[in-house]
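Student: Would you please take a close look at one part of this structure and then place that part in its wider setting? I am new to it and would welcome a connected account.

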Amino acid sequence: MTRKEFRKYFDKGIVILDGATGTQLHKRGMPADACPEKWAAENPEALIAVQRSYVESGTHILYTFSMGGNAIKLAEYGLRSQTREINRRLAQLSREAASGKALVAGDISSCGMLLEPCGEITFEQSVESYKEQIRGLLEGGVDLFVIETMMDIQETRSALIAIRELCDLPVMVTMTFEDGMRTLMGIDPVTALVTLQSLGADAVGCNCSTGPAEMVEIIKAMKPYAKVPLIVKPNAGKPRLVDGKTVFNMDANTFCSYAEALVGAGANALGGCCGTTPEYIRKLSAIAGKLTAEKPVETTFAMVSSNRQTVFIRRDQPLTVIGERLNPTGKKILREALIRNDMDKVAQLAREQMEAGADLLDVNAGVPGLDEKKALTDMVRAVMDAVPLPLCLDSSSPEALETALRVYPGRAVINSISGEKDKMERILPIAAKYGAMFILLPIDDAGVPERAEDRIAIIQRVYEAARFYGFSKEDILVDGVVMTVAAGSNAAGETLKVLKWCSNSGFSTVIGLSNVSFGLPARENVNAAFLAMAVAGGLTSAILNPNSRQLMDIKRASDVLKARDLDAREYIRHYSAMESKSGQVQTAKKRPAVFDAVLNGMSGEIAGAVLADLDKGLSPKEIIDNSLIPAIRKVGELYEEKKYFLPQLIRGAEAMERAMEALAPYLDKEAYADIGKKGTVVMATVKGDIHDIGKNIVVLLLRNHGFEVVDLGKDVPADRIIQAAKDNNADIIGLSALMTTTMTEMPKVAGMAAKAGLKAGIMVGGAVLDREYAESFGACYAKDAYSTVKLAESLVRDMGSG
Amino acid sequence: MDNIKVLRAIRPSYNRNFILSRLGYKRGITGINEDFQKLLDGTVKRAESLCSLVLAYRMVGIDENTGENVRLEDGTVLSGKALSRMLSQSQRAVLMASTAGQRIMEEIRTLMDSGRASEAVIMDAAASEIADAGLDFLMEYIGTSLRRQGKALTKHRFSPGYGDFCIEQQAHFARLLEIEKLGISITETFMLVPEKSVLAVAGIVDIKTD
């Protein structure tokens, strides 16, 4: 079957796929620990019986029973060398079962291991593993392929590329989306669709993980962007655990009742996954015959993707910003970073541009003497790890581009393909193979045409060549070619003419903005003015520095003026947030009262508040007694009422600490003598225990509430604790332990304290402790950080009264 | 016993509300103002970027389950009634490890030492949640690959230190998962370093189809 025939196949109505086969084979005796593919190949009667029942139930496309038949997966059973043979046999058996009444799709799925950087399998190992399987399936006579139950877009791409490198048969691809509409590896339905349909998938969709109800939403999300048919294979409901076993218990009638909603959402093919049987498919087929599927859409805008998100480049939407800072030309720091392979710097520049508002990032590794192929690929990996933005791969080297495109986990933009004969011949096929968009640069072997008319002629020529490879206008961004106005006063005008022509002809456009001012002083002014003019002329995207405030301001304002930011929503959102931020600064400048500063944990402002009170003539003691202590008590009350939670309790304590630091120079010794003298506590996390965050919080709070604390740290031996208690004449020994293996140190410390005749009370706390355990060796139990303070206060009170 | 499989650079999804719960937040009672929300969001975001999750798992056969002990195929005995109950329908189990890495622990220490304890506790809770989310991810990931064999994982998992599945048994996991290769070490008192590391076991059960 050709890809064109496959597309037409959907014209006749809803296409019916098969249901679960593995579970049917288990019922026919396939052992759980057997290699399913090998067992099925050796038990043809069982496989043919199951598959024939699906064909008889109305299946139009039957999947071979080979989803785990890739070389890596079969190696788990020691069967790698039989990959081709097993797959050939399975395809032959499915053909026999289909008997010409159904098409046979060679079924491919995950190798069960993740690709780099998450796992240890390289992209090329994955491609090779799939190729071995695909060769077998092709020899067995499959009509098309299906890649199914995929959770990782990169592994899915490797399977699709493997098929495309061996044949031109149609390929259906379904990923498995969890609750929350993302695959386990984090890709959303639209991004999966954009990446896969551009890479050459002939149908895209979802299978497994969820039931039909959840898949309605997935198909709905995909449909507006789907240029290919959408396919759905749900489980028989969501799995439930019954008597220690997982069951799929949605019955066939309920399952099929979702068919109308699925088709209404845009599905063109329906089938079943885990828990479904021929009965489900028979009923589905009967219902589907009465439904009409909606055809795939024709989009007029560009879609690019990373492994985490899709960006739409539309002429009726705000200008798309392509960050220019990952290009080492004229940038010494980046150039040197690339030479020493410092990808942290690359990641940092990527993050900065994203935070400044870039939609895409241009990535260029052109440093003389550097292995561009490796450097560009390293940059792609580093940026993909740092940010979710799609990339523009900026290189004139076909080899560097192809290597980077292979590992790029989405749909990239190639920057660029010009009218130069060699570039067209070598880079266009690469762009087509990997489904990349490209920037069309209207220059040719004669150089850069000065006149717009000559550039337009090149645009038409390159577009014609691109159409041969299947590209349409929405796959292309035409570069207006920006030359510096310092060299020719008509330069900007010619670029604007090109942009206008493109806009009228249905092409999206891009400019490398900063070229316009090359050689001039105060370049930002010229860049900003030209950007506004270009947007007015219909510019769709620009490669610029998103960290330039002026440029981004002009961009936002231009979007409003060109009615590309409807009702100025984006503009208002952005600048309202800015005003709100500056408003906060003003609020912050308005000094809070000391009490409020503690209550709201305003560590940064409290010193100023304290000094202001001193200026008003309040004494340090008055500030402490009338503001700080009541405030920290109020914080404690709010915490006890659960109106505050732990970080807020600590924020209050931190603010109190800053206030005391600010007051310290003004405290006379007499006044200070009252503070910090509620008692002395020796605190330690016991020997063998290294978790001390809880103890540290207690130390902070105790100090805050007027205790002198000697903090011995973590993993502290008992004898050191006893010695410190003696040396400091401690009123209390506080011990912390997190584990059952270390809490046994606590009675040991208590015993040694008693033996040494220490009068200090002992309080203990930690995740595994309880009151009973504490009291078993005469200690007091502290439930949490704040109750420790109250406990300490009561212990010293008792000692005083005693 | 299957080979140990190691996964890196995973960004598991998780519910941020769980971080709040760990810190004592009570929905409908605890109030958070705008400034505090920003601090919270910023700190959690920073925690996410500082966690370098490393995950590992290994499938093992179960030779015997007495109801009190479970003997694995290599002779290792895991003790605990609740654990034995969870594995009662399983002939195989999966051992799992997840660590958030050392970098975030260093940042928590730096924050604590520089008087920013509130951020330290938020980051601490976030790191715990992310390490746990690593195990959630593993359960889903392994469950998906088991489905084709007509198998699934038990709904729950057990970690040493829960109930009567005592903490000393971390040593068995440490050995079987070769955790030192993941950058995790175990102390004499059976604590894991880095602190935000967690080990667990789940059972493999059949999927019932009728």
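**A loop and its surroundings**

Tutor: Pro117(A) is found in the loop that lies between strand 3 and helix 7 (123-139) of chain A. The model is a predicted one, and in it the peptide bond joining Glu116(A) to Pro117(A) is cis, with an omega of about 5 degrees. Most peptide bonds are trans, and most residues other than glycine have a negative phi. Both halves of that rule have exceptions here. Ser99(A), which is not a glycine, has a positive phi of about 50 degrees. Ser99(A) belongs to the loop between helix 6 and strand 3 of chain A. It is exposed, with 11 other C-beta atoms within 10 Å; a residue counts as exposed at 12 or fewer.

The elements beside these loops lead to a sheet. Helix 6 (residues 83-98) of chain A lies across strand 2 and strand 3 (103-108) of chain A, and runs at about 150 degrees to strand 3 of chain A. Strands 2 and 3 belong to an open sheet of eight strands in chain A, with the order 1-10-7-6-5-4-3-2 and parallel pairing. Strand 1 (15-16) and strand 2 (61-63) of chain A stand at the edges with a single partner strand each, so one side of each has no neighbour in the sheet. Elsewhere in that order, strand 5 (residues 171-175) and strand 6 (residues 203-207) of chain A pair in the parallel sense over four bridges. Within this region, Met172(A) stands opposite Ala203(A) in strand 6 of chain A.

The wider chain gives this part its setting. Chain A is divided into domain 1 (3-288), domain 2 (302-579), domain 3 (591-669) and domain 4 (676-801). The C-alpha centres of domain 1 and domain 4 of chain A lie 61 Å apart. The C-alpha trace of chain A spans about 95 × 80 × 50 Å along its principal axes, and its secondary structure comes to 33 helices and 25 strands. Of the 802 residues of chain A, 55% count as buried.

A second sheet may be set beside the one just described. It is an open sheet of five strands in chain A, in the order 22-21-23-24-25, and its pairing is parallel. Strand 22 (707-711) and strand 25 (780-781) of chain A are at the edges, each with a single partner strand, so one side of each is left without a neighbour in the sheet. Five bridges pair strand 21 (residues 679-685) with strand 22 of chain A in the parallel sense, and Thr680(A) has Glu708(A) in strand 22 as its bridge partner. Two helices lie across strands of this sheet. Helix 29 of chain A lies across strand 21, strand 22, strand 23 (732-736) and strand 24 (761-765), at about 150 degrees to strand 22. Helix 30 (residues 718-727) of chain A lies across strand 21, strand 22 and strand 23, at about 170 degrees to strand 21.

The loop between strand 22 and helix 30 of chain A holds Asp715(A). Like Ser99(A), Asp715(A) has a positive phi although it is not a glycine, here of about 55 degrees. Asp715(A) counts as partly exposed, with 18 C-beta neighbours inside 10 Å.

In another part of the chain, strand 16 (residues 413-418) of chain A has six of its six residues buried, so it is largely enclosed by the rest of the structure. Strand 16 is joined to strand 15 (residues 391-394) of chain A by three bridges, and the two run parallel.

Chain A also meets chain B. The contact takes 56 residues from chain A and 54 residues from chain B. Several elements of chain A each supply at least two residues to the side that touches chain B, among them helix 2 (22-27) and helix 29 (693-704). Helix 27 of chain A gives the most to this side, with seven residues. By class, this side of chain A has 25 nonpolar, 20 polar and eleven charged residues.

A cis bond is also present in chain B, where the peptide bond from Val193(B) to Pro194(B) has an omega near 0 degrees. Pro194(B) is found in the loop between strand 8 (192-193) and strand 9 (197-208) of chain B.

Methods
Residues numbered from 1 in each chain as written. Chains lettered and ligands numbered in written order. Predicted model: local features only at pLDDT ≥ 70, side-chain atom pairs only at ≥ 80, totals over all residues. Contact = placed C-beta atoms within 7 Å. Nonpolar A, V, L, I, M, F, W, Y, C, P; charged D, E, K, R; others polar. Pairing = 2+ DSSP bridges. Axes fitted to C-alpha atoms, helices over the stretch in contact; angles between N-to-C directions. Domains from an automatic or database assignment. Buried ≥ 20, exposed ≤ 12 C-beta atoms within 10 Å, placed from the backbone.
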